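I opened this entry to keep track of what I looked up, one helix and one side chain at a time.

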Amino acid sequence: MTKGFFITFEGADGSGKTTQLNKIKDLLEEEGFDVVVTREPGALLIGEKIREILLHHEEHIADRCEMFLFLADRAQHVEEFIKPALEEGKIVLCDRYTDSTIAYQGYGRNQNIKLLTDLNNIAINGMVPDLTLLFDVSTETAMQRVGEEKDRMESIGADFHKRVRNGYLELQRKEPERIKLINANNSIENVYNNTKNIILDLITHKEEKGV
Ligand SMILES: Nc1ncnc2c1ncn2[C@@H]1O[C@H](COP(=O)(O)OP(=O)(O)OP(=O)(O)O)[C@@H](O)[C@H]1O
Ligand SMILES: [Mg+2]
C-alpha cells in the first residue's frame, strides 16, 4: 500500500519539464507537503553509470540495448527510491518515466509498443503514476530551447523528435485520466499556472477522498 502521491513530468527535450518541476517542488513545499525530486535516467548510483552511457557514449548503441538500459535504470529506481518514498507518504516528482520509453523507443525508434509496455510493467512492478503531466511543444521551439549543446538523444534528427511528440500525444489520448496535456509553447509563467492548477486540484481531491 502506498500513501504518497506520484507525479511524472513528460515531454520532448526542451519542453520545460525540469523548469516546471522545480517550480512545483517549491510550491508544494511552501504548502507544507513532503516532496522529493527525482529523474530518469540516472537517479541512483547505478543509474548515473547507465545515464552516462545513454547520453554520452561515443560508439553506436543498438536500439534494443538502449531500450534495456533505460528499463534497467527504471527497475532499480522504482525499487530503491520511488516505492520507499511513496510508502513514507511523500510526494514524488519524477522527471521522465514510462511514457518516455514508449514515446522515444516505441514511436521514435519504432520498437514494438506492446512489448515495451509489457517490459515497462515488469520494470515498475505496479508503480503507476497517480498523475502524469505532458508538456507539449512544437519540435522547432523545443530544439531552439535546447540550443547547440545537444546530448546523444537530442542530437537525433527532427523527424525522430516529431515522431516522439506525436507518440506522446497518442498516449495522452489513450489515457486521458492519468495524463494531462499542457501547452508548453507559452511563457514559463503561463505554463506554470496551468501546471499548478492541475496538481493542486488532484492533490486536494485525493485528500478529500482520504486515499
Ligand atoms: N515556457 C518556456 N518558454 C521559454 N523558454 C523556456 C520555457 N520553459 C523552459 N524554457 C527554457 O528552455 C530550456 C529547456 O528547459 P528545460 O530544461 O526545463 O526543458 P526539459 O524539458 O527539462 O529538457 P530536457 O528533456 O532536455 O531535460 C531552458 O533554458 C529553460 O529556461
Ligand atoms: Mg530536463
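What follows are my notes on a predicted model.

**Helix α5**

I started with the extent of α5. The helix runs over residues 113-124, which makes 12 residues. From first C-alpha to last I have 16 Å, close to the 16 Å expected at 1.5 Å a residue.

Next I looked up the two ends. At the N-terminal end, N112 acts as the cap. One of its side-chain oxygens lies 3.0 Å from the backbone nitrogen of K114. Just after the helix, I noted a positive phi of about 50 degrees at N125.

Which residues of α5 are buried? I listed L116, L119, N120, A123 and I124. Seen down the helix axis, these buried residues fall within an arc of 130 degrees, so they line one face of α5. On the other side of α5, I found K114 and I122 exposed. K114 thus appears twice in my notes: its backbone nitrogen faces the capping oxygen of N112 at 3.0 Å, and the residue is exposed.

I then asked what the buried residues of α5 pack against. The partners are α3, residues 63-87, and α4, residues 98-108.

**H77**

I moved on to a residue in one of those partners: H77 sits in helix α3. Is H77 buried or exposed? Its relative accessible area is 1%, and under 20% counts as buried, so H77 is buried.

Leaving out residues up to four places away in sequence, I recorded the contacts of H77 as T38, R39, E40, A43, L44, I82 and C94.

Conventions:
Residues are numbered from 1 along each chain as its sequence is written. Chains are lettered from A and ligands numbered from 1 in the order in which they are written. This is a predicted model: local features need pLDDT of at least 70, side-chain atom pairs count only at pLDDT 80 or more; totals for chains, interfaces and linings use all residues. Side-chain values use heavy atoms; hydrogens and water are left out. Helices (H or I, at least four residues) and strands (E, at least two) are DSSP runs, numbered from the N terminus. The expected span of a helix is 1.5 Å times one less than its number of residues. Buried means under 20% relative accessible area, exposed over 50%, partly exposed in between (1.4 Å probe, protein chains only). The arc is that of the directions from the helix axis to the C-beta atoms. Contact means heavy atoms within 4.5 Å. A polar contact is a pair of N or O atoms within 3.5 Å; within protein, one must be able to donate a hydrogen and the other to accept it, and residues adjacent in sequence count only if both atoms are side-chain atoms.
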